[in-house]
Amino acid sequence: MDNPGKFYITTPIYYVNARPHIGHTYTTVVCDAIARRQRMMGIDTFFLTGTDEHGQKIERSAAAAGCSPKEFADKVSGEFRALWGRMKISYDDFIRTTEPRHMRGVQALFTRLQERGYIYKGSYSGQYCVFDELYVDAVGPGAPCPECGRPTETVHEENYFFKLSAMQEPLLKFYAEHPDFIRPETRRNEVIAFVRGGLRDLSVSRTSFKWGIPVPGDPKHVIYVWLDALANYMTAIGYGSDDPKDQQKLARYWPADVHMIGKEIVRFHCVYWPAFLLAADLPLPRSIVAHGWLLFEESKMSKSRGNIVRSETILDTLGQDALRYFLLREIVFGQDGSFSFDALVQRFNADLANDLGNLSSRTLSMISRYFEGEIPYPSASARTAADEAVESLAQKTIGDFHAQFEQFQFSRALETAWLLVAAVNKYIVENEPWAVAERDDKDSKARLATILHTSVEALRVVTALVHPIIPEATSRIWSQLGLGDIKQMDLRQLAWGQIPNGTKLGKVEPVFPRADKSMIERMQQMEQQRSTESDKKPESQPAGTGADAGQRATEAVAGPGPSSSPAATKGTEPGAPLVPAAGMIGSSSGTGKITIDDFLKVELRVGQVTVAEKVKGADKLLRMEVDLGNETRQIVAGIAKAYDPEKLVGRKVVIVANLQPRKLRGLESNGMIVAASVGEDGLPVLAGFLEDVPVGAKLK
Ligand code: ME8
């Protein structure tokens, strides 16, 4: 395939059984930065992301949520897309594995493998890990998965098999001939050792569930989810389509230049995917680049561990550039790295608000003040060794930054750029343009022009280099520099001394307002709020779907609902929401209204708190025992921020009594306490009565 001057990069397609968190954002931002830079280098770039929507895991999650797998996938896939939209991720296409174009392509690949004799029918008896969608060497029902430790399931099935064993030698040969195929080196070595250890044929179809792409001609089988998922990299650009436009696109962009992945899915990408492609006689991707994990509270950030941080919390506070800069600067690419709100704010203040922010605002405001906003020109006679030193450091920075970025050393590349920022800030302090400005002679004026020109040139160089990483702020600095749209700049040409004569600054404004310490607490609170909210929803559950949404509301401190409820008490604002929303109670018609029958399904009762105490290690949760007249219920609710446990004992409350029990922090919660959600922070205010009401009374 003849395709010079193009660049095709992909993220993994993310499973739709968990909402996006900053682990997903990490990979996506890395790819986005690479794609943006490639485009600035004049390269025809295609950046693909998407969602992985088939398989038993998703089918079960959807069933648990009481909706169809497709509805379930639509919802969560939409959340990924909305987040990337909000972050202005510059992807060119978003593939969903439930799209016809993908399903058709996967079937074409399956057929091709069959026709080439690499697929045969056999039977499989052994252990399967549903979480990893992986056949494993474990013995006996419930044996732990060697990858994730979860209990495996025994599968006895008639399956189609892929002759992976036949690919051992071709794979080893390919790895040897393409030393850059797997990066970094450590992953390459692991993969080679794994393949040398021997490969067994791989089951590539399942009959025990339906949520997948049917095997062509044998629809009781669905195609193995990883064969389905990996093919996205080709189906998205036209594989399997007869349309000449798609075929052209495929010829243009395939093979991919970079498949960016997290290290836990190396085997699928570096063994199975190339094996399928070799067997199908299709070109292999140029490289598979595996990064490390983002850790939070010392373990891999993941929904199942409950230690995730959502990107939205950071977008709502410090903004996307802060998150992007942090991820690329703080985490050494390829290695695991920790996330903390403290470190995020520290980096933001030190590097962005102070270093780059100050360089930009003081340079530009001095040009405004002393040169009426027109970038001054240096004069040879006013140049000193200090100017020469900044210029040559800037030239070196350009070269080093490019080299490091191309080696995926983002953290070092940013460090390199910030050495220049620090040097120019120091240069400004040492050369005291403000003092020079006070002298009114011609030489001083020339010197002032030279100092500010040197500073602004260096600022321009840094801004252009780091634009792919912090696109928003740098676009603003660029237009404040009076240089127009930064996207039009050709990064290949970047060199010292390119500011056009007579350039007039745009409107000068600060780009990074400093974050004060309270920001850390605010983000932690937002995150806790979000996690309490999602504690209400099973891992599998997208917001607002599902007949068991009532279950999600079990621990709700304040589900939304009819604001005219008679139960509202003092302190609440009119309109503050109460009880589960219409859409959460079974069969919403889609208009947001429910029938009286729907409402009557909810059993609301008056109870009296007899015991209330804080839940260890969860500063929002209270454990209560509530007397309902004929029984006492244990209820765990996220109201600790608003109520002292002592004050609750004896209080009458309203309970949703017919919710399925569920566990929170290991405690069974058997009902939901009703509260209004007040203010931006959703502070809970318990529902109660002005008149005395007997315990157990029913609300209707
Ligand atoms: O594996 N640190 O999807 P997935 C860094 N559908 N990166 C992380 C991360 C963390 N803590 N958590 C997630 C799948 N990621 C399959 C992929 S591709 C054909 C199919 C990122 O939703 C990282 O890129 O579990 C990781 O590989 C990916 O999300 C896993 O996403």
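Helices and strands are named here as DSSP runs, a helix having at least four residues and a strand at least two, and both are numbered from the N terminus. With that in hand, the reader can place the features of this predicted model along the chain, beginning with proline 184, which lies in the loop between strand E8 (182-183) and helix H6 (185-196). The peptide bond that joins arginine 183 to this proline is cis, with omega at about -5°.

A second cis peptide bond runs from tryptophan 254 to proline 255, where omega is near 5°, and proline 255 is found in the loop between helix H9 (244-253) and strand E13 (258-262). Further along the backbone, aspartate 281 has a positive phi of about 60°, although this residue is not a glycine; aspartate 281 sits in the loop that runs between helix H10 (266-280) and strand E14 (288-291).

The ligand comes next. There are 24 residues around it, and those that come nearest are Ile13, Thr27, Asp52, Glu264 and Leu294. Two of these residues also take part in polar contacts with the ligand: a ligand nitrogen atom is 2.8 Å from a polar backbone atom of isoleucine 13, and a ligand nitrogen atom is 2.7 Å from an N or O atom in the side chain of aspartate 52. At methionine 301 the partner is again on the backbone, with a polar atom 2.9 Å from a nitrogen atom of the ligand. Taken alone, the ligand exposes 670 Å², and the protein buries 94% of that area.

The last feature is a helix pair, H12 (residues 320-330) and H13 (residues 341-371), whose axes come within 10 Å and cross at roughly 95°. Because angles of 65 to 115 degrees count as roughly perpendicular, H12 is roughly perpendicular to H13. On the H12 side the contact is made by Asp321, Ala322, Leu323, Tyr325, Phe326, Arg329 and Glu330, while H13 contributes Ala343, Leu344, Arg347, Phe348, Asp351 and Leu352. Sorted by character, the residues of this contact comprise eight nonpolar and five charged ones, with no polar residue among them.

Terms used
Residues numbered from 1 in each chain as written. Predicted model: local features only at pLDDT ≥ 70, side-chain atom pairs only at ≥ 80, totals over all residues. Heavy atoms only, no water. Axes fitted to C-alpha atoms, helices over the stretch in contact; angles between N-to-C directions. Parallel < 35°, antiparallel > 145°, perpendicular 65-115°, else oblique. Contact = heavy atoms within 4.5 Å. Nonpolar A, V, L, I, M, F, W, Y, C, P; charged D, E, K, R; others polar. Near = heavy atom within 4 Å. Polar contact = N/O pair within 3.5 Å; in protein donor to acceptor, adjacent residues only side chain to side chain. Areas by Shrake-Rupley, 256 points an atom, 1.4 Å probe, with all protein chains shown as cover.
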